[in-house]
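Q: Please take a close look at one part of this structure. I am new to it, so keep the steps short and connected.

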Amino acid sequence: MDKATGDDAEKVIKIAGSITVDELASALGLSVTALIGGLFKNGIVATINQRLDFETAEIMIGELGIENVRLERKNTATKTSDSFRTELSDHAKSRPPVVAMMGHVDHGKTSLLDKLLDKKTAEKEAGGITQHISAYQLEHDKRKITFLDTPGHEAFAAIRQHGAMLTDIVVIVVAADDGVKPQTVEAIKFAQDANAKIIVAINKIDREGADVPRTMADLSTHGLQPEEWGGDIIMVPVSAKTGENLEKLLDSILLIADVEELKADVDIPAEGLVIESHMETGKGSVVNLLVTGGELKVGEFIQAGNTYAKIRTMLNFRGQPKGKAGPSTPVTVTGFKDLPSFGDRFIEYPDEKSARRASVLNAEAEANAMASANVTSTDLLRMMNSADNSKVFNVIVKGDVLGSVTSVVDSLKMIDTKGEVTLNIVATGVGDITENDVYMAAGDDRAVIYGFNVNVPTNIAKMAARDDVPIRNYKVIYELLDNAKESMEDLLDAEIIEEELGVMKVMGVFRTTKNEIIAGGEVTDGKVVPGALARIVHGKQAVSETEVASVQREKIEAKELIAGEVGGLALKTEKKTALEVGDKLEFFERKEVKKKL
């Protein structure tokens, strides 16, 4: 930690990732107890050696009203896997374009890709919705094109964003009979943020109600101007069902690839990105990679994130053995010691020692960046903004692949609880639900286990039932999220609401006792029924509250009096209550309503 001080000058405190309470207090010239007291007031119970991340330290300086102090981040080592080549050599060769298929759920992305590849994948996905990024490669005019099929459901925004970052061209699929939808707009934004070229495939033109000009007009309002209208976006009307214009779509992709002059170096150590990873019995870590440079071969050593591998097997997207893979090629490999994370970059090393050292250095750099911060700005802000009686919903998330786990967790965090329920992710993992998951869920935190595309062995299900641990296993993401939302709503206290029924003008008060008032009048609005609550209003002031015991019309008991009718009523009271001629009785019901998020 470095400090720059001066009597009147601004004090600059430089920290690398995080700082202990003791160090921050010293740098600010405060007593440790004063800083701990400030943290405590904001809901953080901290110790002298507890670490605060950069943002938390900034928040606390503001909360304590300390002026002329500024925090700066001290440069730290970056992850080894982030050091990638951005400049091509003179020997760089042309490479296939990497194309992401994006669009609104049910607009036919996967069906369109199926037709292009002449293979069936849609029926394998739960609910017909793509759950993971899948990578494929086809040939058109003796040239290869790599496709990424990204999920269309809103819950997979995290995966889809990574998908855009991996690609040169984004084909946005829009149904001609449905038009632009929220996820269409989202896909456009992701593509633009990733600086990818955009082609629009206007799908389902074979359907009744298909309106290509209207769809083009909708897209133009979102910044995509068709070439036919003087813009620069190629829009191709297609049909995944009949195959109409698919050749034209592929021609358009290759045209853009030629204009962009996509190239990559081949005579360099192989590098690329992790696009999926999961565990398989008998195989261990199974990882999908997209090679971006160099040439990956079986037997080579690579590092990704905090792990490394000797490539044991390599398959193409059809599951066929592949000895080597060049730029823009998707492959599935085995041999990683642990599962790398979705989006991690990989790079080839000459030997196992170098690859292992790179993974260790990467882990250390990551730890330094995080600096083992126990208190984060997110924690602090949540505690500062949430009520003291905030409910906590504890969950454990298990998924078939890392990408699924990431998306489920991100999507759970996106559920807006208005600060009334705190989501606590107790643990996450890849693979089937285990005994350890149940033990963890049955602990002090009492968590719900959410499984996504995983198995629950019979013995584990029995163990969970015995320990009263809920296991909720899903194959479709939005069903999981709906359940989580309902579970969080169940934690909320019921909301008391009042429903107005009617108003009576008091025309006579016939008897008043400690427990009852007999009165009569005219209902001027709505109605009055036995069992209704009544507010006595004297002038403009509500003076007391009572309950209607019975209602009479012409001295005969009635079920109700409605506006315009004159009648009598008996009011229950717990103490002698004043009611006068000319007062108003406002009738209402008070109900408990389950809160919604």
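A: What follows goes through an open sheet, then some antiparallel strands, then one leucine.

This is a predicted model, in which local features need pLDDT of at least 70, side-chain atom pairs count only at pLDDT 80 or more, and totals for chains, interfaces and linings use all residues. Residues are numbered from 1 along each chain as its sequence is written, and side-chain values use heavy atoms, with hydrogens and water left out.

Start with the open sheet. Four strands lie in the order E23-E22-E24-E25, with parallel pairing. Strands here are DSSP runs of E with at least two residues, helices are runs of H or I with at least four, and both are numbered from the N terminus. Two strands pair if DSSP finds at least two bridges between them. The edges are strand E23 (421-430) and strand E25 (471-474), and each pairs on one side only. From one strand to the next, the twist averages 25 degrees.

Look at one pairing in that sheet. Strand E22 (residues 391-399) runs parallel to E23, and nine bridges join them. Lys398 has Gly429 of E23 as its bridge partner.

Now add a helix. Helix H14 (residues 477-491) lies across E22, E23, strand E24 (448-452) and E25. H14 runs at about 165 degrees to E24. Such angles run from 0 to 180 degrees between N-to-C directions, with axes fitted as lines to C-alpha atoms, for helices over the stretch in contact.

Move on to the antiparallel strands. Strand E26 (residues 495-512) pairs with strand E27 (residues 516-528) over nine bridges, in the antiparallel sense. A hairpin of three residues joins E26 to E27. Arg511 stands opposite Ile518 in E27.

E27 has further partners. Strand E32 (residues 566-572) runs antiparallel to E27, with seven bridges between them. There, Ile517 faces Leu571 in E32. Strand E31 (residues 561-562) is also antiparallel to E27, joined by two bridges. Val528 stands opposite Leu561 in E31.

Finish with Leu501, which sits in strand E26. Leu501 counts as buried because its relative accessibility is 16%. Buried means under 20% relative accessible area, exposed over 50%, and partly exposed in between, using a 1.4 Å probe and protein chains only. The C-alpha atoms of Leu501 and Gly526 are 5.7 Å apart, although 25 residues separate the two along the chain. Beyond its neighbours within four places in sequence, Leu501 is in contact with residues including Gly526, Val529, Phe587 and Phe588. Contact means heavy atoms within 4.5 Å.
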